[in-house]
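Me: I'd like a close look at one part of this structure, please. Could you start from a single residue and then show me what lies around it?

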There are 2 protein chains.
Amino acid sequence: MLATCVRMWSFPRTSTPAMTTKVTLPDSGGMLKIRRVAIDTYHENVAFLHRNCALYRAEGFQALSKVEIQANNNRINAVLNIVDDDNIVSPDELGLAEQAFDQLGMEEGHLVQIAHTSPPRSMEAVRRKINGERLTLNDFRNITRDITDNRYSKVEMAAFLASSMQSGIDREEIMSLTRAMTETGEQLHWDEPLVADKHCIGGIPGNRTTMLVVPIAAAHGLLIPKTSSRAITSPAGTADTMSVLARVDLTPEEMHTVVDRTRACLVWGGNARLAPADDILISVERPLGIDSEGQMIASILSKKLAAGSTHLLLDIPVGPTAKVRHMNQALSLRKLFEFVGDRLGIHLEVVISDGSQPIGRGIGPALEARDVMQVLHNDPDAPDDLRQKALYLAGRVLEFDPDVRGGQGFHLARDILESGRALKKMQDIIKAQGPATPIAPTAPLNIDITAPEDGYITAINNYQIGRIARLAGAPMDLNAGVDLYVKLGDKISQGEPLYRIQAEFPADFAFARDLAERDNGFRIGAQPAASRSYLEI
Amino acid sequence: MLATCVRMWSFPRTSTPAMTTKVTLPDSGGMLKIRRVAIDTYHENVAFLHRNCALYRAEGFQALSKVEIQANNNRINAVLNIVDDDNIVSPDELGLAEQAFDQLGMEEGHLVQIAHTSPPRSMEAVRRKINGERLTLNDFRNITRDITDNRYSKVEMAAFLASSMQSGIDREEIMSLTRAMTETGEQLHWDEPLVADKHCIGGIPGNRTTMLVVPIAAAHGLLIPKTSSRAITSPAGTADTMSVLARVDLTPEEMHTVVDRTRACLVWGGNARLAPADDILISVERPLGIDSEGQMIASILSKKLAAGSTHLLLDIPVGPTAKVRHMNQALSLRKLFEFVGDRLGIHLEVVISDGSQPIGRGIGPALEARDVMQVLHNDPDAPDDLRQKALYLAGRVLEFDPDVRGGQGFHLARDILESGRALKKMQDIIKAQGPATPIAPTAPLNIDITAPEDGYITAINNYQIGRIARLAGAPMDLNAGVDLYVKLGDKISQGEPLYRIQAEFPADFAFARDLAERDNGFRIGAQPAASRSYLEI
């Protein structure tokens, strides 16, 4: 019966002759009104189409497929999500998440066309990388340019990252990637033969040496225009801590004015658009939890090259809860940094330091700013470990100056600090950048976390202390954080305080306190642990 | 001035003694009301948090970070998106995209807790793969299980895919991946020693041989319970075409009933939940545009193993616009299929066929169903290429029967077809599955695309013809598609029709016609092209 029905369809060999008129797409079918969808998709362009949109059916668009959106002469690529709710987009609209909307730069209601699009052209290089080929500088240039222009979806970035991790990328390629990332954004130029810089690979709470090294080096006369990041996963970055004292979100022009006046600055690098491909890749790399030496090196050095640095001192802390946990890792990382730095023409020196515990006492922007200012004021209460480490690093930076005799940097740095010239320089920098909006002198909520037993402090977990400080509200609430009373090797009795938690808001306070009471991050033993004498500092 | 202010903060060594009461998290701070957000994120769990949500600030959640959502004893993982619009979620709510909402299985307004979560545990194996290690069967089992449970984000899946492509995965690993994917879903059992199956790797429009092979094989007495997919990127899958004639969305129980009655079925495999990890991975693999033999083999064979097949005939079409473009590729693919098939205990034979043009005349569900029924009816107008290819493949399947002498399958298949037993078997299958809802006998809109010059057809672009049929509305509109008048080698005069486009809706019709008029997919030359005699069929 059914089969008979099927047979009735005639085979249309003899049919009407073809129309040959050129057809243009009907406006109603081909155009959609754009609408902003207030979802922050970070650096991925996302578009939203209603399931009942005629175009969705006609074009066979799939969820997650890539589309090109065109209006006048603007074109962007976006990943498509399918929506079943007219309140988000209606069937004649195309929703654009915040990033995509901003990048297209049109008013809501503007008519746009959408079409299927292929992956960005540089994905062809990513496919070659996946197949085990070595990529050239040009390949990396095309990839990082497409990433910067938001042409890559997160999924495409993940494929690139996975293919260029540890075993997949050699040191020549790391160099090419570094150079390509440098070229994705702006570059600062200082017109001097020696532009000093200092960087720590991170992971050690309270390690705010930069805010001491910069004024010391500048007081000596070195040019040291320092751009820093805000904290991403830590309780405070240098930019957060400096923001307690001064404005840090300077434009590149303002930054130049400050540096002209003081030979230094301590600003947030975000406005300078240095190596933006790096920031985008990091946003995908971090959730993957994949550590890659190659990506780390390219990330750090591309920012430094873009910032115009010629001489860089790099601090790699090693310790059981640091980013680098073993000496051999630190040494292999140092070799890679040296190789890439040498090839890209930046004078680079690496210091391997003790990363077994936080540096200084305060953890969180205001507490760390207090530590820094205590050191600059030569306050006898200033944390000595912060002071010593900063002097060591500042000394090494001073030795970039050809007129400073090798080995004399430390003493020179100490003279600059003790004479008050470093403090004076810091005050000049603060004045030139513009003072910060004053904050309350202390946080309203605080609690001391005490030792559960007698003994010596044998271990401090950097990661756990950092997490407690973050839960307490750092870096967003400047006064929030952790203030340490004891350090490795100190003797302590049961009930004596290990550290204080400070917070602005009750919910944050409860979260941080709860975490500290579950695991306070300190280990207490009968004997002090052996010292780690193989480290430089 | 500012520096002085900083100095005023006292160093709190002598402070109030610590509180020791255990703190529980306040309900207001720790719980959020869930709300369904009608966005289809396919197999990725996505959650939406308002930027002003207290938890967002306190926990330092990042856009794209992974969170664990907990309510009673249900826990799911999701990727976080940040929202700035109270109409999507308000600050005391947690939005869940459709998949995540369904997986959590709670009413709207239910209170949930969210917490940071680590990547799924099997990401540790993905990291090892990225570092160049070989993975074990257990590694692949953990990965595919986590993927099936929606614990992987798209980004994590992309990292896995990129790390296990071509150069990254050896044939032993392909075998382990195949076995692991098989185990992620249900498995069908038929309790017979010979369960026949037939599969084509795809890419050739109109290639509907399965609907002929199955009734011929079943009429001979073989057990051939066929599960097929719907079209994903093609104008019709076997399930779409069969749905013109019969119900195809059978439950596994209904499928067993049909097979008990007729020794065969032609159903959509989606209800049987065969190797679901495969479907999820494909959704990420396709937008990446990365072809991987390993993934293709694991994808096809895991579905067959899960479907309980013991004997599989595999069709690999080769041609300039087919999935496999060169003979050496087809041969290497055949070796890999044979290796994995043998190791996993499925009797597998590979046929390399001519993929240089579409098979049959109709492209689109109803047009292909018409071709199939013409062949079954021994209609003299039936497309001969479809008939010949189906008989060849059916003959090879019949030779799985130990009682069929090698080389006799083709003649046996032809006898079964010509005697009308294949048609009778198809009618029995249609009756057992339940007839389809009747559709209109033809599409309301159609146009013939004509030859722009005299000559011979020297090439037909499978991809372009498939795309035109899709734009016309196939497979969603069953009557939509392309109906070919001429094939390779045919002589044609200017103005004679090459094919007809059929559509249901004016917008689709205009899209398809416009594309065909820009590039009709046919090449016309002065001489017929040489035949490709190295192919089996």
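What follows is my request in detail and one connected reply.

Me: Please take His43(A): where does it lie in chain A, and which residues does it touch? After that, please walk me through the strands and helices of the chain.

Reply: Happy to. Please keep in mind that this is a predicted model. His43(A) lies in a loop of chain A, with β2 (39-40) on one side and β3 (46-50) on the other. Although in a loop, His43(A) is buried, because 21 other C-beta atoms lie within 10 Å and the cut-off for a buried residue is 20 or more. Leaving aside residues up to four places away in sequence, His43(A) touches Gln99(A), Asn150(A), Ile280(A) and Ser283(A). Leu281(A) shows how far along the chain these surroundings reach: 238 residues separate His43(A) from Leu281(A) in sequence, yet their C-alpha atoms are 9.1 Å apart.

That fits a wider pattern in the chain. Of the contacts in chain A with a separation of 6 or more, 79% are between residues 24 or more positions apart. Chain A has 537 residues, and 57% of them are buried.

Now for the domains. The assignment for chain A gives domain 1 (27-116), domain 2 (196-268 + 304-433) and domain 3 (445-525). The centres of domain 1 and domain 2, taken over C-alpha atoms, are 46 Å apart. For scale, the C-alpha trace of chain A spans about 100 × 55 × 45 Å along its principal axes. Its secondary structure comes to 20 helices and 19 strands.

Let's turn to the strand β4 (residues 66-71) of chain A. This strand pairs with β5 (residues 74-83) of chain A in the antiparallel sense, over six bridges, and Glu68(A) stands opposite Asn77(A) there. The two strands form a hairpin with two residues between them, and Asn72(A) in the turn has a positive phi of about 50 degrees. β4(A) is also joined by four bridges to β7 (residues 111-116) of chain A, again running antiparallel. In that pairing, Gln70(A) has Gln113(A) as its bridge partner.

A parallel pairing appears further along. β11 (residues 311-318) and β12 (residues 347-354) of chain A run parallel, joined by eight bridges, with Pro317(A) opposite Ser353(A). Together with helix α14 (residues 327-343) of chain A, these two strands make a right-handed β-α-β unit.

There is also an open, antiparallel sheet of three strands in chain A, in the order β17-β15-β19. β17 (491-492) and β19 (522-525) stand at its edges with a single partner strand each, so one side of each is left without a neighbour in the sheet. β15 (residues 455-460) pairs with β19(A) over four bridges; in this pairing, Ile460(A) is matched with Phe522(A).

Finally, a helix that touches on the second chain. Helix α7 (residues 154-163) of chain A is mostly covered, with 10 of its 10 residues buried. Among them are Lys154(A) and Glu156(A), along with Met157(A), Phe160(A) and Leu161(A). In chain A, the buried residues of α7(A) pack against α5 (123-130), α6 (137-148) and α12 (276-288). In chain B, they pack against α5 (123-130), α7 (154-163) and α12 (276-288).

Notes:
Residues numbered from 1 in each chain as written. Chains lettered and ligands numbered in written order. Predicted model: local features only at pLDDT ≥ 70, side-chain atom pairs only at ≥ 80, totals over all residues. Pairing = 2+ DSSP bridges. Domains from an automatic or database assignment. Buried ≥ 20, exposed ≤ 12 C-beta atoms within 10 Å, placed from the backbone. Contact = placed C-beta atoms within 7 Å. Right-handed = clockwise from strand over helix to strand, strands pointing away.
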